Amino acid sequence: MSHQHISEQYNFETRAIHAGNTADPLTGAVVPPIYQVSTYKQDGVGGLRGGYEYSRSGNPTRTALEENLAALEGGRRGLAFASGLAAEDCLLRTLLSPGDHVVIPNDAYGGTFRLFAKVVSRWGVEWSVADTSDPAAVRAAITPRTKAIWVETPSNPLLGITDIAGLAGIARAAGVKLVVDNTFASPYLQQPLALGADVVVHSTTKYMGGHSDVVGGALVVADTELGEELAFHQNAMGAIAGPFDAWLVLRGIKTLAVRMDRHSENATRIAEMLERHPRVSKVLYPGLPDHPGHEVAAKQMKAFGGMISFLVGEGGEKEAVAVCDRAELFTLGESLGGVESLIEHPGLMTHASVAGSALEVPANLVRLSVGIESADDLMADLKQALG
Ligand SMILES: *Cc1c(COP(=O)(O)O)cnc(C)c1O
């Protein structure tokens with residue numbers, strides 16, 4: 001079975017398991033081996049046996065993952081990196097030059113904001129913040145120097161929803177690239193390239209890996225030429241995914257579809273329970289009919305995912321922190337997307353780096369990464385934690 005065949009012929013669940021996973025030609029091993037190797041014997045100068053010369057430039061385990069990622073997002077090229085932020089850094093330095101401008105969301109992953117505010121801006125790249133759920137606000141933020149619009153949907157940690165197809169139209173009309181961080185949805189729930197985006201970004205640390213045991217990142221692009229430019233920069237900058245990390249992500253992806261179904265089912269039940277709870281003043285979950293992005297989410301996502309944020313009581317940080325501290329089954333920790341449920345206080349933890357900026361989050365906000373345990377057990381734990 002060729003990879004092309006796999007991506008065109010089969011449904012998502014089948015591609016997740018088979019794309020890139022051709023049997024090892026030497027042994028027939030049905031899972032790609034971990035090619036823990038830095039260099040490859042050449043048959044005479046320039047005579048490469050399998051097309052590999054050095055593992056920064058290419059490694060068969062990483063290739064398996066990269067082909068799989070491209071097939072899942074419906075892209076021409078997938079690239080695997082050492083972390084989500086390494087992927088973002090490679091993308092920004094490929095797309096941008098001094099003087100260029102990027103529109104970034106007013107609700108972005110804290111590390112993405114820090115990359116723009118503290119790193120990329122030192123090299124003369126400008127950025128401004130817009131509410132990407134409002135197409136008019138995005139249109140107004142575009143300047144003659146704008147090269148890209150950056151979107152996260154659902155967003156982190158406020159679970160805002162951006163209409164990808166709508167922004168793709170605006171981006172195309174302005175001649176700028178639309179970049180979508182698809183970490184929260186995963187390609188099982190949402191495929192931005194099919195909706196007109198140019199680049200998909202992932203922290204594969206999260207749902208793609210799915211087991212809280214690896215840090216990784218990915219880019220997938222629709223355009224072959226941009227794919228080549230990114231591959232050049234990936235090799236030139238060097239923040240590649242190592243063979244074992246690539247293997248772990250590839251292994252996680254095999255169960256992505258069943259995990260995302262369960263994450264979404266559990267999160268829906270928990271969001272409904274929280275909405276009825278007297279100590280919860282607001283629940284942010286795109287699956288709830290009163291969420292402002294519900295209709296757009298229902299249009300562009302297969303289900304609503306496993307992330308929920310909520311506001312505790314009347315605005316105090318202390319109450320929200322106490323809920324996090326009292327949770328037992330929900331582990332207090334940063335990150336998300338693993339099979340085990342996590343709870344955190346964004347203001348003091350994942351989003352501490354955006355304090356005082358346009359991206360500051362409410363002090364009484366609690367974020368849940370709902371795992372795939374028993375929903376009944378998870379609800380009982382939250383009820384006791386809320387007191
Ligand atoms: C975690 C995360 C990142 C950064 O990825 P790392 O793998 O931690 O470098 C980027 N975007 C989103 C939405 C994330 O959740």
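Q: What area do domain 1 and domain 2 bury between them, and what makes it a buried area?
A: In this predicted model, domain 1 and domain 2 bury about 3100 Å² between them, with 64% of it on carbon and sulfur atoms. Buried area is the accessible area (1.4 Å probe) that two parts lose on being put together, summed over both, so the value covers both domains. Y188, L189 and Y207 supply 25% of the area that domain 1 buries against domain 2, more than any other three residues.

Q: Which residue ranges are called domain 1 and domain 2?
A: Domain 1 is 3-253 and domain 2 is 257-386, bounds that come from an automatic or database domain assignment. Residues are numbered from 1 along each chain as its sequence is written.

Q: How many residues of domain 1 and domain 2 are in contact?
A: Contact means heavy atoms within 4.5 Å, and 39 residues of domain 1 meet that condition with 42 residues of domain 2.

Q: Why is the pair formed by D181 and the ligand called a polar contact?
A: A polar contact is a pair of N or O atoms within 3.5 Å; within protein, one must be able to donate a hydrogen and the other to accept it, and residues adjacent in sequence count only if both atoms are side-chain atoms. A polar side-chain atom of D181 lies 2.7 Å from a nitrogen atom of the ligand, and this therefore qualifies.

Local features need pLDDT of at least 70, side-chain atom pairs count only at pLDDT 80 or more, and totals for chains, interfaces and linings use all residues; side-chain values use heavy atoms, without hydrogens and water.
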